[in-house]
Amino acid sequence: MSPTDPNTADRSPAARKMADPAWWTTCVAYQIYPRSFCDTTGNGIGDLAGIRAHLDHLSWLGVDAIWLSPFFTSPMADAGYDVADFCDVDPLFGDLDEFDQLLSEAHQRGLKVIIDWVPNHTSIEHPWFAESRSSTDNAKRDWYVWRNPGPSGEPPNNWTESLTFGPAWTTDDTTGQAYLHCFLPEQPDLNWDHPAVEAALHDTLRFWLDRGVDGFRMDVVHLIGKDPDLADVAPELVGLPQVVLNNRPETHERLRRIRSLIDAYPGDRMAIGEIYLLDTEQVASHYGSNDELHLCFNFPPLFAKFDAESWRTVMDDTVASLDPIGAWPTWVLSNHDNPRHATRYAKGQEPNDAAARARAAAVLLLTLRGTPFVFAGEELGLTDAEVPEGRRHDPAGRDGCRAPIPWDATPNHGWATGTPWLPWPPEATARNVDTLRQDPNSILWLYREVLALRRSRPALRVGDLQRWDLHPDVLAFRRGTGHDALLVLVNMGNDDLDVHLDLDPDAARDPDPDHRPSWTMVCSSVEGVTDPATTAVVWSSRLRRNEAVILGQ
Ligand code: GLC
């Protein structure tokens, strides 16, 4: 019998983990903001059919999973993060049949589907809230958090909401009591202390798990446990939104129950939490002992500058907080809540340098150890749209990064006729899918090539990461597993550099230079990708500014 005979193979959990890591650790996920992806109806708002129409493109690009921001029934006060029915599709986006079709077509292509789940709050138009606000003795009164205002009508505590930085309380005329909302007044917070709320929210998970989704991105899920006393925040913290302060023990037991529910389903379903705490150690605690969230978003890297020292810090913090508990990292440079990284990193840069930084960032994101999330449009190098006052939608000013995705160079950029809900991003005539697919040197092809490399190289998918200090301006790390090893160097400084790899801990230190291993360029963000099988070149030790290279032996 051979050692790999399936009948004798080691089936222990540890062996299975080594041989077959969970899909959510090896995947690259792609965030789709449905409103902005592609409109097929002419109402100017992207829809589920528009996503279906472009699944082949996502397969061509080489991502493994899609995360869909909310497409549920909503009055859209917060662009869908104010949900009025957790178990239905807003007609703007399609209907449940359309969703089922999308799910099945994604699965046919091997793409996993993660949907958003918004457990902390509902829309003010959710029937639960309509009941809750109707009287103090309504059966659903305690499904939300109601308190008496102070004697002069002041809010029950000094908490701040996160989108406009106003008070986190609104007094409702019907009963004269105030309700808590950590986001807009149109998004009342649910009361997770009430068992019926937890049960109802669990049912919404089951609804989508039964339909076959592979996982959930859980919106601000660290807010589901709150201080039962709703105590004031300390004077020095007043004005900071509650979302960055709320780190409570109650949350963890609730996450464990969510985890049990999800793990009971067949097929490796998962949950990734948006833990909007700005301390990686606090974020890490929401993995529990591998019995809470499968993954957590960690935002300090998203806020890090394009600067080697800042990146060394966020990488080292991630290792220090996650490794001891065996938790798997995630990496995000852009999403629907923040200016795109191509915009942020471009500040004060000439256009060529700005474009080079976006390319180097692609190599960085896709070579880190952990699960990367690509925000739709970053593979086109998109920057934020300028949104004139009359066309703004978001009360928190996040419209720029939500600009529609341009699919081709025609005036409507592949969207149905009609004006899209937000203006096009800059350079849409050049930076669109169709045009960039015709240019193998484009950033789109760079993403595709690094995604392909990530799939084919175990070092990138599952390998260890060893960071080392090569040069103050260069972020340098080695990825390796077994015999597969790659080096990643990113020059984040202002100068071209000659770099010597003697500090690489694994490089042979043979005194005879002819016996030292030579490093082969596998990919450069500047050059585009060099196919090692055909055109491999020995790396020249020159690292241009804003260049990222991947080297192999
Ligand atoms: C999350 C979402 C954001 C939304 C907020 C309230 O942070 O990413 O878009 O406004 O939660 O649901």
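Here is a short dialogue on reading the sheets, the empty spaces and the ligand site of a predicted model.

Q: What should I know about the model before I start?
A: It's a predicted model, where local features need pLDDT of at least 70, side-chain atom pairs count only at pLDDT 80 or more, and totals for chains, interfaces and linings use all residues. Residues are numbered from 1 along each chain as its sequence is written, and side-chain values use heavy atoms, with hydrogens and water left out.

Q: How many strands form the open sheet with parallel pairing, and in what order?
A: Start with the terms: strands (E, at least two residues) and helices (H or I, at least four) are DSSP runs, numbered from the N terminus. Two strands pair if DSSP finds at least two bridges between them. Here, 8 strands line up as β11-β10-β9-β5-β2-β1-β13-β12. At the edges sit β11 (295–296) and β12 (330–332), each pairing on one side only. Inside the order, β5 (residues 112–117) and β9 (residues 215–218) share 4 bridges in the parallel sense, with Asp116 opposite Arg217 in β9.

Q: Which strands make up the antiparallel sheet?
A: That one is an open sheet of 3 strands, ordered β6-β8-β7. Since β6 (146–147) and β7 (169–171) are edge strands with a single partner each, one side of each is left without a neighbour in the sheet. β6 is joined to β8 (residues 178–180) by 2 bridges, and Arg147 faces Ala178 in β8.

Q: Where is the second largest pocket, and why there?
A: General idea: rolling a probe the size of a water molecule over the atoms shows where empty space is left. On a 1 Å grid over the protein atoms alone, a pocket is an open set of points with protein on both sides within 12 Å along at least five of seven lines, a cavity is a set where a 1.4 Å probe fits but cannot get out, and lining residues have an atom within 4 Å of a point. Points are joined across faces, edges and corners, and a volume is the space filled by probe spheres set on them. In this structure, domain 1 (25–121 + 195–455) and domain 2 (127–180) both give residues to the lining of the second largest pocket, so it lies between them; the domain bounds come from an automatic or database domain assignment. Its volume is about 720 Å³. Of its 33 lining residues, Leu163, Asp337, Asn338, Ala396 and Arg398 lie nearest the centre.

Q: What about cavities: how many of 30 Å³ or more turn up?
A: The search of the whole structure finds 4. The largest has a volume of about 50 Å³, and residues lining it include Thr280, Tyr287, Cys296 and Leu322. Helices α10 (280–284) and α12 (308–322) each supply at least two residues of that lining. The second largest cavity comes to about 40 Å³, with Trp67, Arg217 and Phe299 among its lining residues.

Q: Which residues come nearest the ligand?
A: A residue counts as near if one of its heavy atoms lies within 4 Å. Of the 14 residues around the ligand, the nearest are Asp78, Asp219, Glu274, His336 and Asp337. For polar contacts, look for pairs of N or O atoms within 3.5 Å. An oxygen atom of the ligand is 2.8 Å from a side-chain N or O atom of Glu274. For His336, the distance from a ligand oxygen to a side-chain N or O atom is 2.9 Å, and for His121 it is 2.9 Å.

Key. Polar contact = N/O pair within 3.5 Å; in protein donor to acceptor, adjacent residues only side chain to side chain.
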